Amino acid sequence: MALDCQWTSRGAESGSLPAAASAGDHRPDYVIPRDLDDLMQLYFFLLVVLSLSSASVPSMETPMEKAALATMCMLGSLILISHIAARACWKQIETQQIEPLLGAELFERQMNAFRWLGLGIVLLCLTGFGLATATVQSPMLKQSLCFQAVVLLMPGLTITLSTWSAEHYYRSLTGLVEQGLRQHLAGVWLRFRGTMGWLVVPILLLLAMSDLIAGLELHETHTAIITMLGVLIFVPFALPWLIRFLFKTAPVHESAEKWFESIISAAGIRRTSILCWRTDNRAFNAMIVGFIPSFRTLLISDRLMNELPRPQLAMVVLHEVAHLKRFHVPLRMLSIVPAWLLGGLITRMAEGHSWAIAAGSGVSIAMTLVILRLAATRTEFDADLQACNMAVRVSQFVKDVPSTYDEASRAMEEALRRITLESHSARKASWLHPSVSQRIAALKHRTNREESGICEPEPRSDTAQATATLSNVIHST
Ligand SMILES: [Zn+2]
């Protein structure tokens, strides 16, 4: 289970595409530009959900050959257009018709628009051209949910990969990356494995597992029980390993590893491996992957380690520990259950109508987006607050950890400012994160309350209180 964090920030300003190398702009290039920010996560989430749920939406029945041909023509033209856009933009810069920075920004916007419009094109291919129905009814694919999912995800993956490929092509034209087919494929693959990979690969593996179990031809109840057990084993044990494999990692220097270990042990989560998340010193990022002791890993990006002073780094680590200790991921998952129950209810109530499944799925997706936003924002505030509280205790055992709440909140504030220094947009509120100023204000709010003598037992903010109550519900059930 992965916990994403606000520490997601890129080197380049606003993640904008690098301008021409000849422009004398020495801002760092990046490998995974803004791929892990909230908007891109929302895009990946919608892409996967829409692609897979389209199979349950009634659509016209078309022979597989026709549906596939129409889809390929549509996707082929998109691949072509996105690469032409890259070349046209570079030509305009080269002939000095537009400023390099402006050109880079315009191209970035074009690719973003392509991706979001791509969601509509995915629906057009799957339901409009009838690819989804043809896939589900195909005698060859009928037996395998995994293969069906591969075909259903194909249009969305192709669109995303083609925009990444166009962006890489643009960078090769600017001279920022080496030209050549191998480098091109490696660049696109690197972006896939660090972003969509850890969403798509586990889903396909789970479906493959369910295909294998179904192939055993057991009694329906036994099949359901074994599948459930498989999922229960896969999520806590195999998924963290898979994510570690998909992300580029390296061992941490021995002395740093000891320091991180002593922080997380003092904070109460022992037996967690620590790895450096290699981003070529471009991204500020940290997360804890997995939740079972000995099977979980703390990933800290190289740039965080290289550029943040130890007290700030300690606060980033404690923020991640707080997410784990306060069950924020199961809490987020639990919070979306009502959305899907309501969706199911709507589908059942509208049974007999052709729009029943579409309406149910639509309501579920919309509610999921809203609820996840509320839950994620609240858990972020709570993790900040808990990290500051933990720092006070941890500092008694570990060097370079802020020893008072004030010092801890200041270190947290400085860390937040530092990682968003080059990216104004990263400071704003987004789908899963409150803005940096809201987070700092929430930390200061607690200090002010203490100074004015309004002290309560922790957690003190309304947000944290609400989260704690929900946490207790999990504990007691
Ligand atoms: Zn967080």
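Colleague: Which residues have the most contacts inside the largest nonpolar core?

Modeller: In this predicted model, the largest nonpolar core is made up of 51 residues. Nonpolar side chains tend to be buried together in soluble globular proteins. Those with the most contacts inside this core are Ile 263, Met 315, Val 317, Leu 318 and Ala 391.

Colleague: Which helix gives the largest share of this core?

Modeller: Met 315, Val 317 and Leu 318 are among the residues with the most contacts in the core, and Val 317, once its neighbours within four places in sequence are left aside, is in contact with Phe 260, Ile 263, Ile 264, Ala 286 and Leu 298. The largest share of the core amounts to nine residues, and these come from helix 11 (residues 310-325).

Colleague: How is helix 11 oriented to helix 15, roughly parallel or roughly perpendicular?

Modeller: The axes of helix 11 and helix 15 (residues 405-419) are 8 Å apart and meet at an angle of about 90°. On the helix 11 side the contact involves Pro 311, Gln 312, Met 315 and Val 316, while helix 15 brings residues including Ala 408, Met 412 and Arg 418; by class, this contact has seven nonpolar, one polar and two charged residues. An angle from 65 to 115 degrees counts as roughly perpendicular, so helix 11 is, with respect to helix 15, roughly perpendicular.

Colleague: And helix 12 with helix 14, are they roughly parallel or roughly antiparallel?

Modeller: Helix 12 (residues 328-335) packs with helix 14 (residues 356-394) at an angle of about 160°, their axes being 9 Å apart, and the crossing is right-handed. His 328, Leu 331, Arg 332 and Ser 335 make the contact from helix 12, with Ile 371, Leu 372 and Ala 375 among the partners in helix 14. Angles over 145 degrees count as roughly antiparallel, and therefore the relation of helix 12 to helix 14 is roughly antiparallel.

Colleague: Is Arg 271, with its positive phi, buried or exposed?

Modeller: Most residues other than glycine have a negative phi. Arg 271 is not a glycine, yet its phi is positive, at about 50°, and its place is in the loop between helix 9 (254-266) and strand 3 (272-277). Because a residue with 12 or fewer other C-beta atoms within 10 Å counts as exposed, Arg 271, with 12 such neighbours, is exposed.

Colleague: What is the phi of Ser 294?

Modeller: Ser 294 lies in the loop between strand 5 (286-289) and strand 6 (296-301), and with 10 other C-beta atoms within 10 Å this residue is exposed. Its phi is positive although Ser 294 is a residue other than glycine, with a value near 75°.

Methods: Residues are numbered from 1 along each chain as its sequence is written. This is a predicted model: local features need pLDDT of at least 70, side-chain atom pairs count only at pLDDT 80 or more; totals for chains, interfaces and linings use all residues. Axes are lines fitted to C-alpha atoms, for helices over the stretch in contact, and angles run from 0 to 180 degrees between N-to-C directions. Helices (H or I, at least four residues) and strands (E, at least two) are DSSP runs, numbered from the N terminus. Angles under 35 degrees count as roughly parallel, over 145 as roughly antiparallel, 65 to 115 as roughly perpendicular and the rest as oblique. A crossing is left-handed if the near helix is turned anticlockwise from the far one by less than a right angle, and right-handed if clockwise. Two residues are in contact if their C-beta atoms, placed from the backbone, lie within 7 Å. A nonpolar core is a set of buried Ala, Val, Leu, Ile, Met, Phe, Trp, Tyr and Cys residues joined through C-beta atoms within 7 Å. A residue is buried if 20 or more other C-beta atoms lie within 10 Å of its own, exposed if 12 or fewer, and partly exposed in between; C-beta atoms are placed from the backbone. Ala, Val, Leu, Ile, Met, Phe, Trp, Tyr, Cys and Pro count as nonpolar, Asp, Glu, Lys and Arg as charged, and the others, Gly among them, as polar.
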